[in-house]
Amino acid sequence: MFVLVEMVDTVRIPPWQFERKLNDSIAEELNKKLANKVVYNVGLCICLFDITKLEDAYVFPGDGASHTKVHFRYVVFHPFLDEILIGKIKGCSPEGVHGFFDDILIPPESLQQPAKFDEAEQVWVWEYETEEGAHDLYMDTGEEIRFRVVDESFVDTSPTGPSSAEATSSSEELPKKEAPYTLVGSISEPGLGLLSWWTSS
């Protein structure tokens with residue numbers, strides 16, 4: 001789920017931080033820049049793990065800050081495919097079950113079957129068949145769920161200039177904001193789904 005990624009970046013330290021230890025200033029700047037951000041094809045950055053190498057620092061004309069090339073390792077959330085994760089259901093919609101946060105989705109075809117979406121309750125329901133008949137098992141918000149990661153998607157959300165088609169369209173139409181990193185899960189096998197389904201009472 002969490003991996004250490006080796007990275008290289010040039011860190012700018014403003015003059016008013018020169019009285020501090022260089023490593024402390026660099027660590028703070030790297031966390032400001034990367035923590036809770038998605039790096040394309042890498043994952044969701046969590047926090048700095050360590051600094052492995054500092055190269056020479058330079059001060060450029062017209063800028064009193066120092067610029068240091070830094071080699072470091074960062075803790076990144078990037079589950080591998082087929083990894084089993086446990087999280088809490090954030091909500092349900094006709095598109096599926098959202099876990100942890102909105103960017104983890106379990107689509108309807110990947111739920112335990114047969115499943116249906118209850119419009120009134122806004123939850124998905126597994127119609128579990130037993131010898132006594134079908135029982136409705138609800139996937140309520142806040143319940144803990146175990147799922148398998150089956151796919152991931154990175155989208156480059158870097159800003160781009162307006163195209164000619166966008167320039168002629170109405171300024172009131174806002175483009176749909178895409179998530180930079182999305183996981184697709186599945187609970188369509190025994191042992192997966194709500195933890196309460198599989199615990200003995």
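The predicted model comprises 3 helices and 13 strands, where helices (H or I, at least four residues) and strands (E, at least two) are DSSP runs numbered from the N terminus. Residues are numbered from 1 along each chain as its sequence is written, and side-chain values use heavy atoms, with hydrogens and water left out. Because the model is predicted, local features require pLDDT of at least 70 and side-chain atom pairs count only at pLDDT 80 or more, whereas totals for chains, interfaces and linings use all residues.

Of the 201 residues in the protein, 34% are buried; buried denotes under 20% relative accessible area, exposed over 50%, and partly exposed the range in between (1.4 Å probe, protein chains only). The protein exposes about 12,500 Å², of which carbon and sulfur atoms supply 52%. Accessible areas were obtained by the Shrake-Rupley method with a 1.4 Å probe, and for residues only the protein chains shown count as cover. Among contacts (heavy atoms within 4.5 Å) with a separation of 6 or more, 65% are accounted for by residues 24 or more positions apart.

A search of the whole structure yielded 9 salt bridges, each defined as a side-chain nitrogen of Lys or Arg within 4 Å of a carboxyl oxygen of Asp or Glu. One of these joins K33 to D9, with the closest N and O atoms 2.6 Å apart. Since K33 belongs to helix 1 (residues 22-34) and D9 to strand 1 (residues 2-13), this pair ties together parts that are 24 residues apart in sequence. D9 is buried, its relative accessible area being 17%.

A further salt bridge is formed by R20 and E28, for which the closest N and O atoms are 2.8 Å apart. R20 is partly exposed at a relative accessible area of 34%, and E28 is likewise partly exposed, at 30%. Both residues take part in a network of salt bridges that links R20, E28, E29 and K32.

The side chains of D136 and K116 also meet in a salt bridge, with an N to O distance of 3.9 Å. This pair links distant parts of the chain, D136 lying in strand 10 (residues 133-139) and K116 in strand 8 (residues 115-118), 20 residues apart. D136 is partly exposed, with a relative accessible area of 36%, and K116 is partly exposed with a value of 36%.

The structure holds 6 aromatic pairs. Rings of Phe, Tyr and Trp (its six-membered ring) were paired if their centres lie within 6.5 Å; planes under 30 degrees apart count as stacked, over 60 as edge-to-face and the rest as tilted. F117 and W124 form a tilted pair, 5.4 Å centre to centre and with 50° between the planes. F117 is buried at a relative accessible area of 16%, and W124 is buried at 7%. Elsewhere, Y40, F154 and Y181 form one aromatic cluster.

Both members of the F117 and W124 pair recur in the surroundings of S93: leaving aside its neighbours within four places in sequence, S93 is in contact with H98, F117 and W124. S93 is located in strand 5 (residues 84-93) and is buried, with a relative accessible area of 12%. The side chain of S93 makes a polar contact with the side chain of E95 at 3.0 Å. A polar contact is a pair of N or O atoms within 3.5 Å; within protein, one must be able to donate a hydrogen and the other to accept it, and residues adjacent in sequence count only if both atoms are side-chain atoms.

At the surface, M1, F2 and I46 make a nonpolar patch of about 260 Å². Patches consist of residues with over 30% relative accessible area and no salt bridge, like charges being joined within 9 Å and nonpolar side chains (Val, Leu, Ile, Met, Phe, Trp, Tyr) within 5 Å. I46 is placed in strand 3 (residues 43-59) and is partly exposed at 36% relative accessibility.

Several backbone features were identified in loops. Q113 and P114 are joined by a cis peptide bond with omega of about 0°, and P114 is in the loop between strand 7 (104-106) and strand 8. N36, a residue other than glycine, has a positive phi near 65°; N36 is found in the loop between helix 1 and strand 2 (38-39) and is exposed at 62% relative accessibility. N41, also not a glycine, has a positive phi of about 65°. N41 lies in the loop between strand 2 and strand 3, where its relative accessibility of 51% counts as exposed.
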